[in-house]
Amino acid sequence: MNPAPAFVNWADGALQAPGLQRSEKKLGQLTGIFRDHQAWQKLDPETIVYRVWWWEPVASGTAGGLFWGLTEIQPGRVGNEYFMTRGHWHVIRNRAEFYGTVAGSGKLVLMDRTGHTWAEDMAPGSLHYIAGEVAHRIVNTGDKPIRVIACWPSDAGHDYEVAEGRGFGARILEERGAPILVNAQD
Ligand code: F6R
Ligand code: MN
């Protein structure tokens, strides 16, 4: 049975769908994600860093199905590191994903299995193909919310080991007012 259509406001990415799912991440929930632990502890743990809304037109885990979502990351920094998503691998590693920027500006941080890490510029209209086997995280480097639409396989799953474990191989930090990619060990 084919699900009824949902609605996207293409101007801002807002999503209306039956049974729309949502989650929010506050600073206090993002333990060990940011480099400067002292700066993180000084900030209000109730500060919302990002929200996600998504539509599951088929049950999670369905092979061959797709999900659609919107992520909104607030502007802000922990020390000199910009607000960002936790970042993840897909549990089924070969599952790819599309990200499209609707509003705001940022960097898409990508890491392959070897730990090699790089970043793509995100700006309204940028469309990013995230291949399978590539961990991904969105960083808001602007002064307003960044809004990113996404489409991913319904059996992909999320593995946050990359966020909580060894981490991405590089981070996006603010230096002299501009974002730069800095190797994690630097
Ligand atoms: C789905 C996907 C996005 C992210 C969202 C939040 O596979 O990549 O919908 O889930 O941007 O980021 P995380 O999941 O890393 O907290
Ligand atoms: Mn993903």
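**A hairpin and a ligand site**

Strand E14 (residues 170–175) and strand E15 (residues 178–183) run antiparallel and are joined by six bridges. Please keep in mind that this is a predicted model. Beyond the hairpin, the other feature to look at here is ligand 1, which sits in the largest pocket.

**The E14–E15 hairpin**

- Two residues lie between E14 and E15, and together the strands form a hairpin.
- In the turn you will find Arg176, whose phi is positive at about 50°.
- Across the pair, Leu173 stands opposite Ile180 of E15.
- As a general reminder, side chains in a regular strand alternate between the two faces of the sheet.

**Who surrounds ligand 1**

- There are 14 residues around ligand 1, and those that come nearest are Tyr50, Thr71, Tyr99, His158 and Tyr160.
- By residue class, the shell around ligand 1 holds five nonpolar, seven polar and two charged residues.
- Two strands, E4 (48–55) and E8 (97–103), each supply at least two residues of this shell.

**Polar contacts and cover**

- Tyr160 places a polar side-chain atom 2.5 Å from an oxygen atom of ligand 1.
- For His158, an N or O atom of the side chain is 2.8 Å from an oxygen atom of ligand 1.
- Gly87 takes part through its backbone, with an N or O atom 2.8 Å from an oxygen atom of ligand 1.
- On its own, ligand 1 has 400 Å² of accessible area, and the protein covers 95% of this.

Technical notes: Residues are numbered from 1 along each chain as its sequence is written. Chains are lettered from A and ligands numbered from 1 in the order in which they are written. This is a predicted model: local features need pLDDT of at least 70, side-chain atom pairs count only at pLDDT 80 or more; totals for chains, interfaces and linings use all residues. Side-chain values use heavy atoms; hydrogens and water are left out. A residue is near a molecule or strand if one of its heavy atoms lies within 4 Å of it. A polar contact is a pair of N or O atoms within 3.5 Å; within protein, one must be able to donate a hydrogen and the other to accept it, and residues adjacent in sequence count only if both atoms are side-chain atoms. Accessible areas come from the Shrake-Rupley method with a 1.4 Å probe; for residues, only the protein chains shown count as cover. On a 1 Å grid over the protein atoms alone, a cavity is a set of points where a 1.4 Å probe fits but cannot get out, and a pocket is an open set with protein on both sides within 12 Å along at least five of seven lines; lining residues have an atom within 4 Å of a point. A molecule sits in a cavity or pocket if more than half of its atoms lie within 2 Å of its grid points. Helices (H or I, at least four residues) and strands (E, at least two) are DSSP runs, numbered from the N terminus. Ala, Val, Leu, Ile, Met, Phe, Trp, Tyr, Cys and Pro count as nonpolar, Asp, Glu, Lys and Arg as charged, and the others, Gly among them, as polar. Two strands pair if DSSP finds at least two bridges between them.
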